[in-house]
Amino acid sequence: MTDAAALPGQPRGGALSGPATARAINVLAPNPSAMTLDGTNTWIVSEPGSESAVVIDPGPLDEAHLRAVVAVAEKAGKRIALTLLTHGHPDHADGAARFAALTRTHVRALDPALRLGDEGLGAGDVITTGGLELRVVPTPGHTADSLSFHLPADRAVLTGDTVLGRGTTLVAHPDGRLGDYLDSLRRLRSLTVDDGVHTVLPGHGPVLDDAQGAVEFYLAHRASRLAQIETAVENGYRTPSEVVAHVYAAVDRSLWPAAELSVRAQLEYLREHGLI
Ligand SMILES: [Zn+2]
């Protein structure tokens, strides 16, 4: 889910179904909206030459989409061996149970309520399926249960809704917290600086080839929004809805409810840090 449409310096193209890196194929779900951009990206990830694949975020409960994911994997000579979730929002996770039934796979997620099977998923876990290596990177903030997956062999990271291919994401207050989100962005930045990650495979929108630039952009955007909100409060805009109407005046009104969640998260952060 996003909190704004395309911003300066970001790609204008849409997300595309098909191979994005040597190991990752996108199957775009047919659920486009202001909140989901082109739709949810369902990722099939596998080691070249291996018959086993991992699916990240089956997407909404849309039978044709779930079957398309299976068909794309089969066409590539792959059998889906495991399903992972970046987080529990419905546009990523609603189809997971049906998808798990279709593929006879387990579902692993941080939130125990989303799991099918007895294996959890969290910090330090490394998925090794058919020679593939995916490292779990906790990235709370969009939601408390948000995870990213580092794919070292492709110098890529699958970010779910923590970093999107276009626009910026929302901090879904009260579950999502801004302090956590900023820490997560810094964690992703260190993947780009210390581990050579240069490709973002996002949960919505196009693939980003400048991962470090994208993360820096997100950090700068968050800092400037925070400053705008601090100023708005100083100027007498007190309630979250007053702040939204003032700070997000240029943003489509259909996104204001989502923006209000982010504003609530930012007001909480400013209060906790004694800034307002
Ligand atoms: Zn989400």
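This passage walks through two helices that share a set of neighbours, and then a sheet with a helix packed on it. The model is a predicted one, and residues are counted from 1 along the chain as its sequence is written.

Helix H1, which runs over residues 63-75, makes a handy starting point. A quick check on its geometry works out: at 1.5 Å a residue, its 13 residues should span 18 Å, and the C-alpha atoms at its ends are indeed 18 Å apart, so the two values agree. At the start of H1, Asp62 gets involved through its side chain, with an oxygen that comes to within 3.2 Å of the backbone nitrogen of Ala64. Just past the other end, H1 is followed by Gly77, and the phi of Gly77 is positive, near 80 degrees.

So which residues of H1 are buried? They are His65, Leu66, Val69, Val70 and Ala73. Around the axis, these residues cover an arc of only 145 degrees, which means that they sit on the same side of H1. The face turned away from that buried side carries Ala64, Glu74 and Lys75, which are exposed. As for what the buried residues pack against, the partners are strands E2 (24-28), E3 (41-45), E4 and E5, along with helix H3.

Helix H3 takes up residues 96-103, and here the buried residues are Ala96, Phe99, Ala100 and Thr103. Looking down the axis of H3, they fall within an arc of 100 degrees, so they line one face of the helix. That face has plenty to pack against: strand E4 (52-56), helix H1, strand E5 (79-84), helix H2 (90-93) and strand E6 (107-108). After H3 comes Arg104, with a positive phi near 55 degrees.

Further along the chain there is a sheet to look at. Strands of a sheet pair through backbone hydrogen bonds, and they can do so in a parallel or an antiparallel way. In this model, 5 strands make an open sheet in the order E7-E8-E9-E10-E11, with mixed pairing. Strand E7 (126-127) and strand E11 (199-202) are the edge strands, each of them pairing on one side only. Within the sheet, strand E9 (residues 147-151) and strand E10 (residues 156-160) are an antiparallel pair, joined over 3 bridges. Phe149 is found opposite Leu158 in E10. Helix H4 (residues 178-194) packs on this sheet, where it touches strand E8 (134-138), E9 and E10. The direction of H4 makes about 145 degrees with that of E8.

Definitions and conventions
This is a predicted model: local features need pLDDT of at least 70, side-chain atom pairs count only at pLDDT 80 or more; totals for chains, interfaces and linings use all residues. Side-chain values use heavy atoms; hydrogens and water are left out. Buried means under 20% relative accessible area, exposed over 50%, partly exposed in between (1.4 Å probe, protein chains only). Helices (H or I, at least four residues) and strands (E, at least two) are DSSP runs, numbered from the N terminus. The arc is that of the directions from the helix axis to the C-beta atoms. Contact means heavy atoms within 4.5 Å. The expected span of a helix is 1.5 Å times one less than its number of residues. A polar contact is a pair of N or O atoms within 3.5 Å; within protein, one must be able to donate a hydrogen and the other to accept it, and residues adjacent in sequence count only if both atoms are side-chain atoms. Two strands pair if DSSP finds at least two bridges between them. Axes are lines fitted to C-alpha atoms, for helices over the stretch in contact, and angles run from 0 to 180 degrees between N-to-C directions.
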